[in-house]
Amino acid sequence: MTVAYPDELKLKYQEWQRIYLRFYNNGMRGRVEEVGSLVAPPVDWNSQLIQAEAQLLAAFHHWLRSAELYEIRATIAQATTNIDVFLTCHPLDLARLPWELWEFGAEFGKSSTRKIRIVRTALNRKEAVNHRRRNGKAKILVILGDETGLNFQVEKKAIAALGSLVETTFIGWQPAVNINELKTQIVKAIAADSGWDILLFLGHSNETSLTGGEIAIAPHTALSISEIEQSLITAKSRGLQFAIFNSCQGLSIANKLIDLGLSQVAVMREPIHNDVAKDFLKQFIQALANYQDVQEALITAAQYLQIEKHLTYPSAYLIPSLFRYPETDLFRLQPSGIRQLIQSFQPSRKEAIALAIILFISLLLPVQNFLLQRRLLVQAIYRQLTNQVETTNNQPPVLLVEIDEESIRKAKISNPKPLDRKYLASIVDKLVANQAKVVGIDYLLDRHQEQSDRFLANSIQTAVSQPQPTWFVFAATSDTKGEWLQTLPNIASLNWSLQGEIEFLPGYMQLFPINDLQAQPWYFSSLLTLSYQLQKIPNSPQPKLDSQIDFLQQINVFLKEGNKSHQTILSSPRSHLQPVTALSYWLEQMWMHPIVDFSIPPQQIYQTIPAWQLLENQGIPPNLSQQIVMIVPGGYDDAGVDFDGEDNLHGTDLPLAVKYWRQQQNTFNHNRVLTGGEYHAYMVHHLLTKRLVTPIPDIWLIAISIILGKSLYLWQNHQKHDFKKLLAMTTITTGLYGILSLQLYMTSSAVLLPWFLPSATLCFYILLIVFPRKKYG
């Protein structure tokens with residue numbers, strides 16, 4: 001498409017340029033006869049320059065909005081992401097216009113959130129662009145040109161402010177240096193073996209038609225770009241990425257350097273006043289120090305001139321321009337040391353959103369429980385496939401005497417809520433007769449039954465009064481007002497029995513407090529386990545009907561006074577609430593809180609016997625003295641404290657691993673209920689065997705995955721992408737990690753490393769590598 005260049009726009013530009021040069025008539029960074037500071041002319045050139053700028057921009061935008069350019073504008077305006085529009089101007093006079101101000105989208109109703117930037121590039125680009133980046137700190141070569149009428153102190157100070165981010169070398173004219181020697185020094189410095197990242201020229205410069213422009217290196221001495229062409233090509237091959245000429249009329253310089261293959265060049269298209277040049281470079285350097293790329297830095301510096309200095313330097317913001325190759329990444333300084341590490345790991349906006357979603361999901365307790373259920377199912381399958389299921393014929397540590405529907409029917413109990421105490425007494429008598437030494441009653445005995453309380457009391461007291469007394473642990477809990485519901489004192493006394501909290505959080509163990517072990521009551525499963533262990537320790541406290549001291553207090557005193565060497569559940573740090581877990585409660589999390597390991601088959605945890613069989617002497621296990629016996633509801637619909645069926649976990653509350661084991665044991669097992677007694681049995685088993693599995697929080701492993709994924713992403717950016725190999729490596733790595741985590745769970749370390757969300761995080765970074773986000777282009 002060919003579009004006519006309107007004469008009116010050409011005239012408006014010439015008028016603006018004439019007034020601009022009159023306003024900034026002294027102190028230009030070009031060849032001038034006189035130098036000095038700004039002097040107010042007789043004519044109000046400031047006002048005239050503002051008017052000329054407005055007229056130039058009005059004519060320019062009117063032309064850009066012409067019908068001939070509609071298709072170009074419409075196509076560019078359709079962009080939904082940030083893009084750079086690369087512009088080549090010929091002849092050179094066309095490049096003098098402020099193309100950076102071209103606006104898109106407003107007439108098409110497009111969102112202003114996405115950015116469309118005009119970027120200049122040369123008409124001829126013969127040399128291949130160098131993509132090589134030097135390692136370590138950025139190195140800057142500063143060529144100080146002819147300082148006649150100028151002062152570089154402000155710019156030197158701005159460069160020095162970069163401090164440890166860069167290594168800076170200055171080279172320039174000194175009165176005692178021969179001109180030919182100076183030229184040789186400059187040529188050799190540009191092509192130095194160590195290489196440069198940035199080339200910065202300060203001083204006077206001008207356009208030339210054949211030699212690519214010239215820079216003044218000493219009074220009355222200029223060096224053309226063609227004279228340093230080979231040095232620039234060498235510097236490019238050694239890592240030179242960016243050049244900036246803070247001098248006048250640099251259009252031909254920019255075109256020549258881009259033609260030579262230098263990827264990015266910043267110049268001033270018009271003559272620039274010395275004070276403007278100093279302020280511009282100061283702002284540009286500050287933006288680089290903030291790790292903006294060179295295009296962002298140039299825009300920042302130009303906006304500073306437009307907004308902060310518009311009264312002092314009118315129209316100055318129109319002058320700076322960046323030329324670059326379309327296929328190169330914009331140069332920016334890289335932080336060093338810890339700052340470099342932090343900077344490189346900063347996520348992009350899309351990356352931050354995706355990671356925030358993953359982290360948020362990982363903190364949702366329902367999601368955690370969902371993943372935990374399925375992890376335990378996989379763990380159970382892995383345990384079976386690897387033949388890590390215990391095959392011993394020994395009795396499991398717990399015997400559950402279940403009062404089930406059939407037991408209730410056989411006993412002709414019309415209403416099991418509350419359960420007839422006389423019936424409980426008969427079960428206790430039978431257990432004691434079979435040498436049971438630790439008995440837990442998972443029924444609240446907080447309300448009177450005048451006709452049968454005495455039967456249960458007599459049975460319990462008879463068992464306690466034996467030469468080798470039976471230890472009893474009763475159920476207790478709190479009501480909605482926070483008041484404890486405990487066993488009636490006419491049934492059992494706390495001076496010779498124990499009472500434990502029966503409420504629990506499904507899926508998690510009950511823990512001792514960090515320090516205060518005097519708090520009553522302890523947990524039901526903990527007291528059953530401790531009773532079993534203490535019973536076997538010589539000289540330990542024994543329940544006595546005539547005791548006048550709280551039995552739990554007696555136990556505490558025994559354990560504290562020289563008896564800590566005895567191995568009990570109190571000896572295991574994991575059985576106590578840890579500070580990190582207590583802290584996580586404030587965040588509504590369960591960090592490092594041991595879980596109930598349902599990956600172990602139930603038959604290794606407990607035996608069950610219906611109460612009616614026990615009473616009829618059918619199938620009673622031998623040697624009950626070696627087991628912890630619990631009298632528990634057996635899954636009947638009325639079981640529960642606050643509502644019927646509360647004691648029965650079913651539906652989504654039924655652990656998938658338990659369901660799996662039941663099906664493995666009996667394909668036709670349709671039992672879809674896990675009772676509270678079975679839960680307590682699992683916890684007792686874990687305490688006895690010190691099998692306290694500690695889950696590592698998902699968010700911790702996600703954080704590690706972010707570091708690994710980001711490191712892989714950054715490393716891969718500098719490599720040739722073999723996506724198939726990368727995907728294979730990721731699959732193998734996550735697979736091996738999964739197997740490792742499954743086996744680590746099985747060991748005595750008993751640590752649960754989460755797999756799904758950390759692996760998903762790592763896969764997210766793999767997707768970023770395989771499908772990189774779109775850049776400006």
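Trainee: What volume does the second largest pocket have?

Mentor: This is a predicted model, in which local features need pLDDT of at least 70 and side-chain atom pairs count only at pLDDT 80 or more, while totals for chains, interfaces and linings use all residues. Residues are numbered from 1 along each chain as its sequence is written, and side-chain values use heavy atoms, with hydrogens and water left out. On a 1 Å grid over the protein atoms alone, a pocket is an open set of points with protein on both sides within 12 Å along at least five of seven lines. With volume taken as the space filled by probe spheres set on the points, which are joined across faces, edges and corners, the second largest pocket has about 740 Å³.

Trainee: Which elements give two or more residues to the lining of the second largest pocket?

Mentor: Lining residues are those with an atom within 4 Å of a point, and the elements are DSSP runs numbered from the N terminus, helices being H or I over at least four residues and strands E over at least two. The lining of this pocket comprises 28 residues, with L444, I502, G640, V641 and E646 lying nearest the centre. The elements that give two or more residues to this lining are α15 (421-433) and α23 (676-689).

Trainee: How many charged residues does the lining of the second largest pocket hold?

Mentor: Ala, Val, Leu, Ile, Met, Phe, Trp, Tyr, Cys and Pro count as nonpolar, Asp, Glu, Lys and Arg as charged, and the others, Gly among them, as polar. By that scheme, the lining divides into 16 nonpolar residues, three polar ones and, as charged residues, nine.

Trainee: Helix α15 also holds R421; what N to O distance does the salt bridge of R421 and D453 have?

Mentor: A salt bridge is a side-chain nitrogen of Lys or Arg within 4 Å of a carboxyl oxygen of Asp or Glu. Both R421 and D453 are buried, a word that stands for under 20% relative accessible area, whereas exposed means over 50% and partly exposed lies in between (1.4 Å probe, protein chains only). The distance between the side chains of R421 and D453, N to O, is 2.6 Å.

Trainee: How far apart in sequence are the parts that R269 and E100 tie together?

Mentor: R269 is buried at 2% relative accessible area, while E100 is partly exposed at 29%. Their side chains meet in a salt bridge of 3.8 Å, N to O. Since R269 lies in the loop between β10 (264-268) and α9 (274-289) and E100 in the loop between α4 (92-95) and β2 (116-120), the pair ties together parts whose separation in sequence is 169 residues.

Trainee: Is D193, the salt-bridge partner of R238, buried or exposed?

Mentor: The closest N and O atoms of R238 and D193 are 3.0 Å apart. R238 has a relative accessibility of 27% and counts as partly exposed. D193 has a relative accessible area of 67%, which means that D193 is exposed.

Trainee: Which residue of β19 stands opposite V398?

Mentor: Strand β19 (residues 628-633) is mostly covered, with six of its six residues buried. Two strands pair if DSSP finds at least two bridges between them, and β19 pairs in the parallel sense both with strand β12 (residues 398-403), over six bridges, and with strand β13 (residues 438-441), over four. V438 of β13 faces I628, and the residue opposite V398 is likewise I628.

Trainee: In β2, which residue is the bridge partner of F86?

Mentor: Strand β1 (residues 83-87) has four of its five residues buried, so the rest of the structure largely encloses it. β1 runs parallel to β2 and is joined to it by five bridges. In β2, the bridge partner of F86 is V119.

Trainee: What is the volume of the largest cavity?

Mentor: A cavity is a set of points where a 1.4 Å probe fits but cannot get out, and the structure holds five of 30 Å³ or more. The residues lining the largest cavity include L87, C89, R120 and F323, and by class they are eight nonpolar, three polar and one charged. The space in the largest cavity is about 70 Å³.
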